[in-house]
Amino acid sequence: MAADQRGKAATLAGRQRLLSSSCRLFFPEDPIKIVRGQGQYMYDELGAEYIDCINNVAHVGHCHPFVVQAAHEQNQVLNTNSRYLHDNIVDYAQRLSETLPEKLCVFYFLNSGSEANDLALRLARQYTGHWDVMVLDHAYHGHLSSLIDISPYKFRDLDGQKEWVHVVCTAQGGHRHIRKAGGVFVADEIQVGFGRVGKHFWAFQLQGKDFVPDIVTMGKSIGNGHPVACVATTQAVARAFEATGVEYFNTFGGSPVSCAVGLAVLDVLEKEQLQAHAAQVGSFLIELLRQQKAKHPIIGDVRGVGLFIGVDLIKDEATRTPATNEAAYLVSRRGPIPARDKHRSDPSCPREAACPAPHQGCGRTRLHSQRTGSKDGQDSCSSGWGASGWSSISALTSPRPSPGSRSLTPRQGLLSLLSPSLTPAPTPTSEIPSSVRCVSLFKL
């Protein structure tokens, strides 16, 4: 906590002196020093509040009390490696298995998504005896050398595409060709798993109820910020890997604390019905974004499912030339969020007299709601809308900034936060395209 007492300039100077410049910051021209998070909000060293629309790790909200409690309680008892017999790793594997097709019944626990994808490659190559890999264009699977080689997002700026890497544009129907060629299908669920797509718990389920991948990798949101990752696979793939006689061991993967955290995240997802919540809020946001598309020619397309949404910016409707500079501006921009007008326009609001900042709107921030004594972080003037259910949408759709809290703009069109206080009023439904790029193909 001592570091939090430094001014932002001192912290930035220390980072520039001690860390590599390749370890980049968000908003490098004016970095934000974040010292605290709660739910969908983050706070800088001066107490300014931000709605976090770019974090793909705090899946059930920053510092969720149930997850924090689970980690703390287990830390007080035992945290060691997974080569000792312990109930937590067995319980966690069982809970995960209940969310997956029966065929996916063998689990490996690790620390990061990169480790999970690297192990998936090892499993697949050992099982098939082949080296070739098929991946989606623009995909990124991790920072290890083995994964940079299969990540177009990275290798095009480095050594280029290896001859054994094959890049495709869509995953639709690809699994049939993979299986016919004797390969296996790896579903990288690190960004999109655990209910984020709303319709299903796993994004690979968007491919149809009969489709079952051979390997599934999990990371990021699996631990809500705690370093946890997992690989699930079939008995056949696991047995082929075991036949090498080489032990697989991960010092911290599957530790009692990591598994306690993972179990807590699953509990929160279930108890707070966050998968259904992602579907509801995602449909609401997509509908608003499509309304903006009708007004602004620069928006070429809005596509996605649940809270995994992309907005395609173009220069010309005929040529569909990407609006690269404009997109770069938007994803690096942060600014004020327009406050909801309900409070200032409705004199009957019961908070009008007591509100310490009446001209900024009741839905402005969680801190404001707490100061006025509201329950569950929402203000009574929000008329059924969660606090950031309005603010985060307004940040994307309203041209009228106000001196309320600021927003971290979604990076690369990704909206990832699942939080129970983002519930909107009932909204018109719209059909979401099923052809969303959310499953990675490995052809081996």
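The exercises below work through helix α9 and its surroundings in a predicted model.

**Exercise 1. Place the helix in the whole chain.**
Determine how many helices and strands the protein chain has, and what share of its residues is buried.

*Solution.* Begin with the secondary structure, which comes to 14 helices and 13 strands in the protein chain. Next take burial, for which 50% of the 444 residues count as buried. Finally look at how contacts are spread along the sequence: among those between residues at least 6 apart, 70% join residues at least 24 apart.

**Exercise 2. Describe α9 itself.**
Work out how the span of α9 relates to the expected value, and how many of its residues are buried.

*Solution.* Helix α9 covers residues 256–271, and its 16 residues reach 22 Å from the first C-alpha to the last, which is close to the 22 Å expected at 1.5 Å a residue. Turning to burial, α9 is mostly covered, with 14 of its 16 residues buried. Beyond the helix comes Q273, which has a positive phi near 50 degrees.

**Exercise 3. Analyse the packing of α2 on α9.**
Decide whether α2 runs roughly parallel or roughly antiparallel to α9, and describe the contact between them.

*Solution.* Start from the geometry: helix α2 (residues 65–75) packs against α9 at an angle of about 155 degrees, and the two axes lie 8 Å apart. Because angles over 145 degrees count as roughly antiparallel, α2 is roughly antiparallel to α9. The crossing of α2 past α9 is right-handed. For the residues involved, α2 contributes F66, V67, A70, A71, Q74 and N75, while α9 contributes P256, V257, A260, V261, A264, V265, D267, V268 and K271. Sorted by class, this contact of α2 with α9 holds eleven nonpolar, two polar and two charged residues. The spacing of such positions can be read against a general point: an α-helix has 3.6 residues a turn, so residues three or four places apart point the same way.

**Exercise 4. Repeat the analysis for α3.**
Find at what angle α3 and α9 pack, in which hand they cross, and which residues meet.

*Solution.* Helix α3 (residues 87–97) and α9 pack at about 35 degrees, with axes 8 Å apart. In this case the crossing is left-handed. From α3 the residues in contact are N88, I89, D91, Y92, R95 and L96, and from α9 they are P256, C259, A260, G262, L263, L266, D267 and E270. By class, the contact of α3 with α9 divides into eight nonpolar, two polar and four charged residues. Reading the two contacts together, P256, A260 and D267 of α9 appear in the list for α2 and also in the list for α3.

**Exercise 5. Examine the loop that leads to α9.**
For T251 and S255, establish whether each is buried, partly exposed or exposed, and what each touches.

*Solution.* T251 lies in the loop between α8 (235–242) and α9, and S255 is found in the loop between α8 and α9 as well. T251 has a relative accessible area of 39%, so it is partly exposed, whereas S255, at 5% relative accessibility, counts as buried. The cut-off used here is that buried means under 20%. Setting aside residues up to four places away in sequence, T251 touches N81 and S82, and S255 is in contact with N79 and T80. As a last step, the C-alpha atom of T251 is separated by 8.5 Å from that of L110, although the two residues are 141 apart along the chain.

Notes. Residues numbered from 1 in each chain as written. Predicted model: local features only at pLDDT ≥ 70, side-chain atom pairs only at ≥ 80, totals over all residues. Heavy atoms only, no water. Axes fitted to C-alpha atoms, helices over the stretch in contact; angles between N-to-C directions. Helix = DSSP H or I, 4+ residues; strand = E, 2+ residues; numbered from the N terminus. Parallel < 35°, antiparallel > 145°, perpendicular 65-115°, else oblique. Left-handed = near helix turned anticlockwise from the far one by under 90°. Contact = heavy atoms within 4.5 Å. Nonpolar A, V, L, I, M, F, W, Y, C, P; charged D, E, K, R; others polar. Expected span 1.5 Å × (residues − 1). Buried < 20%, exposed > 50% of the residue type's maximum accessible area, 1.4 Å probe, protein only.
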